[in-house]
Amino acid sequence: MNLTLKIWRQKSSADKGQMIEYKVSEISEHMSFLEMMDVLNEQLIAEGDEPVAFDHDCREGICGMCSMYINGEAHGPDRGVTTCQLHMRMFKDGDTITIEPFRAKAFPVIKDLVVDRTAFDRIQHAGGYISVNTSGNTQDANAIPIAKEAADEAMDAATCIGCGACVATCKNASAMLFVGAKVSQYALLPQGQVEAADRVMAMVNQMDLEGFGNCTNTGACEIECPKGISLENIARMNREYLKASLKG
Amino acid sequence: MAILDSKVPQGVPLKDKWTTYKDKIDLVNPANKRLIDVIVVGTGLAGGSAAATLAELGYNVKAFAYQDSPRRAHSIAAQGGINAAKNYQGDGDSAYRLFYDTVKGGDYRSREANVYRLAEVSANIIDQCVAQGVPFARDYGGLLDNRSFGGVLVSRTFYAKGQTGQQLLLGAYSAMNRQIARGKIEMFNRHEMLDVVIVDGKARGIIARNLVTGEIERHSAHAVVIGSGGYGNVYFLSTNAMGSNATAAWKIHKKGAYFANPCYTQIHPTCIPRSGDYQSKLTLMSESLRNDGRIWVPKNMDDVMAIREGRKKPTELTEDERDYYLERRYPAFGNLVPRDVASRAAKERCDAGYGVNATGEAVYLDFKSAIQRYGKEQAKLQGIDNPSAAKIIELGEAIVEAKYGNLFQMYEKIVDENPYKTPMMIYPATHYTMGGIWVDYNLMTTIPGCYAIGEANFSDHGANRLGASALMQGLADGYFVLPYTIGNYLSNDIRTGKISTETKEFDAAEKAVTERLDFFINNKGNHSVDYYHKKLGKIMWEKCGMSRNEAGLKDAMKEIKALREDFWKNVTVPGASNEMNPELEKAGRVADFLELGELFAKDALERNESCGGHFREESVELDGLQKGEAKRNDKDYAYVAAWEYKGEPAEAVLHKEELEFKDIELKQRSYK
């Protein structure tokens, strides 16, 4: 198929940036979206232009590195996939595709479609861990039985890949689905209880410092999340936060 | 030929070596640890766990990742699970049994003492990860669940859905975060190591490029740890991440670290086939699929052609028209033969012309029998008399979905076919490299103060790795082995003081790095980096792939050398070096692969035996039940081939570490 691509080009964080139009032809429907971008980049290199910079790594939907806002949706039109798993069969011959970076105050553009998501890391530094040293003599793994339901629910929350689609999708650029998922994973497990109050306070505080917006319950993040992280995690975080606040 | 000193503790029984060794090791007192800096390159399971643990102990750690966060390292993509000798199932597992399975699975080409230590610390890994909040799968009693993996006789694999690597990596990442918050780890995201700096014969720092600004930075330390993974991307197409590279490992090799067994590569049988020339990477599907899927190609060439041209569907072929070639050739193990055997058998059928897709490189993995079997079983369990054919399929598909649902969904997203209704297509792909930097028992390379851990080293998997053992090794090295052994070395450095970066050694290393980057930018050739990478991949796949022979390997060496020379003349890299420039990053990595590939072929040529993932067509059983199968040669090749860099890959000098097996009897593998 032949396609027109409108792509955000921005030389550096200092540059203003603009949309530029490109044409690609003979695109196979079996290609992944990023393979289509590879074709474009090879074409640009052959023409002596600079290729489009975009983040990507595992290309199997788990590392969370790829981003892109495609036709107004984080990770494009398909559901339950990251951009690397989006395939060209979702588009038709003659389509014009608009490709922008994830946009949020807390995710500044580095170059073209590459954004800086280290704000997510800093939220994790604030409390996204259980304070246990590596020693070789922690208690036996089966010493504390954990109900299967709780373990499964913790796993569902822990599935978050930290891609930032929730932030890019939210009209307030809120990170509450991301933070809620991490808070929930530990809140659901006995190991996470000791530090639960401090953790939720520290992580929410850091989230606010980073400039993420608030949640107004539109639920768009849940729909665009490639891993199906549920809104329940935001509710759980709010409960944990309230509990911790009351404790003082 | 120099004898390599493995430094394995002598005069102590195998099972006591590690404990005795730890008891006698030199320690660094807590106050002195604060005076010592350690660089860790790579933040996957090995690098991430090592960085966290070293920081907990009190060392000042500088960690480097080319990704934008440590959490994105490619360990995250491991699906199936992690082995540990916990014996929770009471099925007779033990450290010895895990050790035995690993040595046998590696076709007796790994170092006994290292493998025993791995098995010994495996149970600690599970305890540690649970304490960190890793949500492993549990049974209804709330205890940890296990699955069986890769043809061993016990259930010792712990898992977190099909995302075990992700959960373990996020565990290590959380341990790192705690230390980053305390300032004990200084994290350098989007940084790539471009050389190691040697001062007075010791590794004392690295030169790194800031991938955002393009700035070249000097970082010093008392020791350098390489945990940068394997070199599977030398094949261009592999299940590795796009950025996975061998540069850190290759740079230390060029500065004196021996590279061991580069030809040992694992080609995994159950990957989604290539669909066209634009293909950028291959996707693995867990080998657990072979527990229920049956592998076949059509018996008749007419059917192959009809299927390729779309005139016939695979479901229209009767049982008589199908060749279940693994069941035919290996009646005892059938579809559950080890990875290397299954991969070669698929290649054999496709080479003979029986491949079932347009590229001719695909075989079927069919769940029809499993759906029938489970469907009938469920009907009986649910008390349904005389179930209809449709009901049986419905019940059977529900069971298959419960077991493999996420993999089926992934397949359908990529291929756009429903694998419940039509057989999956699979083909082997490069997945893991058992070879790597040579290390001694301390995990130190032949450069003092330079260590290699995880997939980057060679030590534990011999010529073939068992399923669910890569995660185990990465975390064993990072959490439980290196943090001890490195202390023994660093105890001599408590009075050294800060290492200066303003020395002639750093000057020289930085100059060489800068010159190379400038060359790429200024060359203005006529071919992109990918053009060369794809060509290299094709040579590697065709001549150093699943089966190798003398003529092919000699050709490969020549062709790679010629391609390398062409690359240095005609490669083009757009943009500048003082900015974010992904093409420039790729150029450096491919330049290194173009050297590594030639050493790989040389090593494969030198090893004229078949062992594990390395199959030499000249070394097969000539008669009897095993006719045509791989033939190992313990008399001549029971050694580690460690190569010393001498300027050109073809001139590398071989050093042999003879392998001794005192606790295990060497046996030929048989799956007939």
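Helices, counted as DSSP runs of H or I with at least four residues, and strands, counted as runs of E with at least two, are numbered here from the N terminus. By that count, chain A has 8 helices and 7 strands. The model is predicted.

**Chain A: overall layout**

The C-alpha trace of chain A spans about 60 × 35 × 35 Å along its principal axes. Of the 248 residues in chain A, 51% are buried. Contacts in chain A between residues at least 6 apart in sequence join residues at least 24 apart in 70% of cases.

Chain A is divided into two parts, domain 1 (3-111) and domain 2 (117-247). Taken over C-alpha atoms, the centres of domain 1 of chain A and domain 2 of chain A are separated by 29 Å. The contact between them takes 18 residues from domain 1 of chain A and 17 residues from domain 2 of chain A. On the domain 1 side of this contact, the classes are 9 nonpolar, 6 polar and 3 charged residues.

**The sheet of chain A**

An open sheet in chain A has 5 strands in the order β2-β1-β5-β3-β4, and its pairing is mixed. Because β2 (18-24) and β4 (73-74) of chain A stand at the edges with a single partner strand each, one side of each has no neighbour in the sheet. Helix α1 (residues 33-46) of chain A packs on the sheet, where it touches β1 (3-9) and β2 of chain A. The direction of α1 of chain A makes about 95° with that of β2(A).

Within the sheet, strand β3 (residues 69-70) of chain A pairs with strand β5 (residues 96-100) of chain A in the antiparallel sense, over 2 bridges. The bridge partner of Y69(A) in β5(A) is E100(A).

**Helix α5 of chain A**

Helix α5 (residues 176-187) of chain A has 12 residues. From its first C-alpha to its last, α5(A) reaches 15 Å, close to the 16 Å expected at 1.5 Å a residue. An α-helix has 3.6 residues a turn, so residues three or four places apart point the same way. In α5(A), however, burial takes in 12 of 12 residues. Among the buried residues are M176(A), F178(A) and Y186(A), and also K182(A) and Q185(A). The elements that cover the buried residues of α5(A) include α2 (118-127), α3 (148-158), α4 (165-169), α6 (196-209), α7 (220-224) and α8 (232-247) of chain A.

**Strands of chain B**

In chain B, 5 strands form an open sheet in the order β5-β2-β1-β9-β17, with parallel pairing. Its edge strands are β5 (185-188) and β17 (450-452) of chain B, each of which pairs on one side only. From one strand to the next the twist averages 20°.

Strand β7 (residues 202-210) of chain B is mostly covered, with 7 of its 9 residues buried. β7(B) pairs with β6(B) and with β8(B). The table lists these two pairings along with that of β1(B) and β9(B).

| Strand | Partner strand | Sense | Bridges | Opposite residues |
|---|---|---|---|---|
| β6 (residues 191-199) of chain B | β7(B) | antiparallel | 8 bridges | I198(B) and A203(B) |
| β7(B) | β8 (residues 216-220) of chain B | antiparallel | 5 bridges | I206(B) and H219(B) |
| β1 (residues 37-41) of chain B | β9 (residues 223-226) of chain B | parallel | 4 bridges | V40(B) and V225(B) |

Both antiparallel pairings belong to hairpins. The hairpin of β6(B) and β7(B) has 2 residues between the strands, and D200(B) in this hairpin takes a positive phi near 50°. β7(B) and β8(B) form a hairpin with 5 residues between them, and in the turn G214(B) has a positive phi of about 80°.

**Contact between the chains**

The two chains meet through 64 residues of chain B and 63 residues of chain A. On the side of chain B that touches chain A, the elements giving two or more residues are α3 (45-57), α5 (112-131), α6 (164-181), α13 (470-490) and α17 (582-606) of chain B. The largest share of that side, 9 residues, comes from α6(B). By class, the side of chain B that touches chain A has 25 nonpolar, 24 polar and 15 charged residues.

How values were computed
Residues are numbered from 1 along each chain as its sequence is written. Chains are lettered from A and ligands numbered from 1 in the order in which they are written. This is a predicted model: local features need pLDDT of at least 70, side-chain atom pairs count only at pLDDT 80 or more; totals for chains, interfaces and linings use all residues. Two residues are in contact if their C-beta atoms, placed from the backbone, lie within 7 Å. Ala, Val, Leu, Ile, Met, Phe, Trp, Tyr, Cys and Pro count as nonpolar, Asp, Glu, Lys and Arg as charged, and the others, Gly among them, as polar. Domain bounds come from an automatic or database domain assignment. The expected span of a helix is 1.5 Å times one less than its number of residues. A residue is buried if 20 or more other C-beta atoms lie within 10 Å of its own, exposed if 12 or fewer, and partly exposed in between; C-beta atoms are placed from the backbone. Two strands pair if DSSP finds at least two bridges between them. Axes are lines fitted to C-alpha atoms, for helices over the stretch in contact, and angles run from 0 to 180 degrees between N-to-C directions.
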